[in-house]
Amino acid sequence: MSDSQLRYCPDLFRYQRRVSREVLVGNVPVGGTNPIRIQSMITADTRDTEACVKEVLELAEAGCEIVRITAQTKKYAANLEHIRNGVRGAGCEVPLVADIHFKPDAALEAAKWVEKVRVNPGNFVDKKKFEVREYSDVEYEAELARIREKFEPLVTLCKELGRSMRIGTNHGSLSDRIMNRYGDTPLGMVESALEFVRIARDLDYHEIIFSMKASNPKVMIEAYRLLVARLEQEGPDWNYPIHLGVTEAGDGEDGRIKSAIGIGSLLEDGIGDTIRVSLTEDAVHEIPVARALAAPFNDRNRGCRSYGLPQAAAETDCDEPLQPLTSSWDPFSYERRHSAVMEVGGHELGGDRMFRVVTTQKKWDALSHKLDKLGDFQPEIVLEKSGVVALDPRDEEAMAKVNARPEAAMVTVCDGIDLEVIPAYRLLASRLEARHPILLKDVLDHPDDGEGEFLETLLVAARTIGSLICDGIGDAVILQGEEAPGQSLRLSYNILQAAGARIFKTDYVACPSCGRTLFNLQSTTQKIREATGHLKGVRIAVMGCIVNGPGEMADADFGYVGGAPGKINLYVGKEAVKFNLPEEEAVDRLIDLINEHGKWIDPPVRAPVEV
């Protein structure tokens with residue numbers, strides 16, 4: 001079956017949660033009809049029993065349902081026994097997960113003490129050498145036999161002890177074998193996981209959960225969609241639960257936005273049974289964000305839910321075929337919709353032009369006296385003066401009228417209709433001639449009192465607008481859910497940045513801390529931001545260790561990676577160019593490296609930004 005025939009959800013215009021089998025993680029069932037489960041990971045050194053127990057209990061108290069702990073070596077893994085005993089002795093039954101990279105013997109030890117083992121197929125057996133070579137079919141089969149020899153003992157032990165397993169592919173750590181046959185692609189991520197699951201299935205082991213994490217939301221979304229489509233293709237008993245996460249999302253508002261785009265867009269399509277929001281902050285701060293992301297989907301009824309389509313469509317069987325946006329739309333490969341270039345309010349938009357930020361006249365008036373103090377968060381187009389055509393995409397007469405226009409028009413979905421945002425814009429894009437640019441909205445109704453929780457406003461806006469951008473839809477954005485003029489502009493720009501639609505500031509890929517981290521990620525990331533935050537369009541990766549470093553830095557210009565305790569390695573792209581720099585001078589050396597490659601400019605002096 002070709003990619004064009006693959007299907008990742010039954011219907012793009014109605015919510016239906018993917019039907020998965022139930023997998024037990026200790027006493028917590030994942031998948032099936034269970035709620036979307038919330039996970040996180042502690043940051044303490046795994047050898048420090050007291051600190052680990054304390055962090056696990058804090059996460060459980062905050063509402064975390066499954067807690068992951070790194071196990072770098074067999075010695076680290078052995079201490080999971082004492083951590084488990086301390087947690088259980090405190091009366092806490094939260095399931096524990098061992099995070100394994102590079103060390104099959106550590107996995108075998110960890111499986112004795114925890115309820116679940118996470119294996120990264122990219123480095124469970126392989127160490128990344130980034131060798132460029134072609135594998136013959138015979139050589140490839142020999143590689144698979146080598147993997148089987150190392151992986152089978154863990155599968156057998158997990159089956160005997162009743163442990164579950166996550167086969168967790170990371171975009172940043174694909175093996176040389178996968179890289180050379182499939183490339184650094186979503187397909188490579190999926191195939192990497194399937195190699196391991198086929199071995200498990202041969203041993204009749206099915207307590208498996210999948211994940212396909214990446215720091216780029218577009219890559220992450222494409223990988224999960226392709227995974228689900230491939231599982232459907234393999235057969236009904238391949239309905240394993242899915243763990244969602246954007247790895248190296250970063251901190252603060254940017255980290256929350258990027259997580260909402262990646263995780264939220266997949267939840268909107270019914271994909272995902274458990275989630276982890278990875279922030280470069282204390283792990284306990286991840287839990288409220290994850291709970292807020294999962295809440296609207298846990299509240300939805302299982303099964304089909306009409307999104308206000310005509311009644312005949314609402315009553316059709318849930319198993320009806322996927323309705324494509326256009327005949328050429330490919331959900332597994334990003335391509336921006338081909339609209340015409342037009343000028344609105346003195347700004348070009350559509351085609352290959354940058355996304356534009358629209359605001360209302362009321363918000364423009366509120367900010368007009370201090371535009372020079374808003375820095376990069378500038379309003380560009382006033383909605384009421386834009387000439388935008390607002391319509392209900394179900395209205396065939398209105399759609400025909402717009403499509404009959406000789407000139408292109410900016411089109412949006414009208415407010416107050418009984419459609420959810422994402423299905424409404426998908427329907428609009430499927431019925432509107434491609435030449436007409438589209439204005440995206442975060443909500444189709446205005447808040448009554450403007451007193452909503454900012455986190456919820458942020459997550460909804462990022463989930464809806466970010467998801468549509470990753471589908472290739474949209475040429476301009478307006479935030480209606482946030483009443484504060486400055487904040488709505490800031491959110492608009494930050495969503496565009498996180499979705500890769502408009503890069504207006506330095507872009508950071510920053511991993512969450514864990515027990516493998518070799519320096520203080522939070523303070524270091526902040527220090528790097530302060531030194532480099534004015535470098536528009538430069539992408540900098542900040543990695544606590546080497547596990548995901550080179551791969552997740554594939555799109556980054558420069559990387560700052562922990563190489564040993566107190567020592568930092570600096571990268572240009574995937575290539576390490578400076579080794580074992582003392583941590584106290586590494587940020588200065590990073591600046592020197594940026595300067596050497598012609599991407600450094602001195603920071604401007606200007607008034608503080610007001611929002």
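# Notebook: a cavity, two sheets and a cysteine

I began with the second largest cavity, where I looked up which element lines it most, and I noted that α16 gives the largest share of the lining, 3 residues. I should write down at once that I am working from a predicted model. The volume of the second largest cavity comes to about 110 Å³. When I asked which residues lie closest to its centre, out of the 13 that line it, I found Asp254, Lys258, Gln497, Asp507 and Tyr508. The elements that contribute two or more residues to this lining are α9 (252-268), α16 (485-498) and β19. Sorting the lining by class, I wrote down 3 nonpolar, 4 polar and 6 charged residues. For context, I also noted that the structure holds 5 cavities of 30 Å³ or more.

**Whole chain.** I then stepped back to the protein chain, which has 19 helices and 23 strands. Of its 611 residues, 59% are buried. I also looked at contacts with a separation of 6 or more, and 72% of these join residues 24 or more positions apart in the chain.

**The sheet that includes β19.** Since β19 had turned up in the cavity lining, I looked up its sheet, and found an open sheet of 5 strands in the order β19-β20-β21-β22-β23, with mixed pairing. Each of β19 (507-510) and β23 (575-582) has a single partner strand and stands at an edge, so one side of each has no neighbour in the sheet. From one strand to the next, the twist averages 20 degrees. As a reminder to myself, strands of a sheet pair through backbone hydrogen bonds, and they do this in either a parallel or an antiparallel way. Within this sheet I checked β20 (residues 539-543) and β21 (residues 558-564), which pair in the parallel sense over 4 bridges, and I noted that Val542 stands opposite Tyr560 in β21. Helix α19 (residues 583-596) lies across β20, β21, β22 (567-572) and β23, and its direction makes an angle of about 150 degrees with β23.

**Strand β7.** Is strand β7 buried or exposed? I went through residues 164-170 and found that 7 of the 7 are buried, so β7 is largely enclosed by the rest of the structure. I then sorted these residues by direction: Ser164, Arg166, Gly168 and Asn170 point one way, while Met165, Ile167 and Thr169 point the other way, and all are buried. Next I looked up the partners of β7. Strand β6 (residues 116-119) runs parallel to β7 and is joined to it by 4 bridges, with Arg118 standing opposite Arg166. Strand β8 (residues 208-213) also runs parallel to β7, and there I found 6 bridges, in which Asn170 has Lys213 of β8 as its bridge partner.

**Cys64.** My last entry concerns a single residue, Cys64, which I placed in the loop between α1 (49-62) and β4 (66-70). Its relative accessible area is 4%, which means that Cys64 is buried, as the cut-off is under 20%. Leaving out residues up to four places away in sequence, I listed what Cys64 touches: Ile38, Gln39, Ser40, Leu59, Val94 and Ile287. I also compared Cys64 with Glu286, and although 222 residues separate them along the chain, their C-alpha atoms are 9.1 Å apart.

Definitions and conventions. Residues are numbered from 1 along each chain as its sequence is written. This is a predicted model: local features need pLDDT of at least 70, side-chain atom pairs count only at pLDDT 80 or more; totals for chains, interfaces and linings use all residues. Side-chain values use heavy atoms; hydrogens and water are left out. Buried means under 20% relative accessible area, exposed over 50%, partly exposed in between (1.4 Å probe, protein chains only). Two strands pair if DSSP finds at least two bridges between them. Axes are lines fitted to C-alpha atoms, for helices over the stretch in contact, and angles run from 0 to 180 degrees between N-to-C directions. Contact means heavy atoms within 4.5 Å. On a 1 Å grid over the protein atoms alone, a cavity is a set of points where a 1.4 Å probe fits but cannot get out, and a pocket is an open set with protein on both sides within 12 Å along at least five of seven lines; lining residues have an atom within 4 Å of a point. Grid points are joined across faces, edges and corners, and a volume is the space filled by probe spheres set on the points. Ala, Val, Leu, Ile, Met, Phe, Trp, Tyr, Cys and Pro count as nonpolar, Asp, Glu, Lys and Arg as charged, and the others, Gly among them, as polar.
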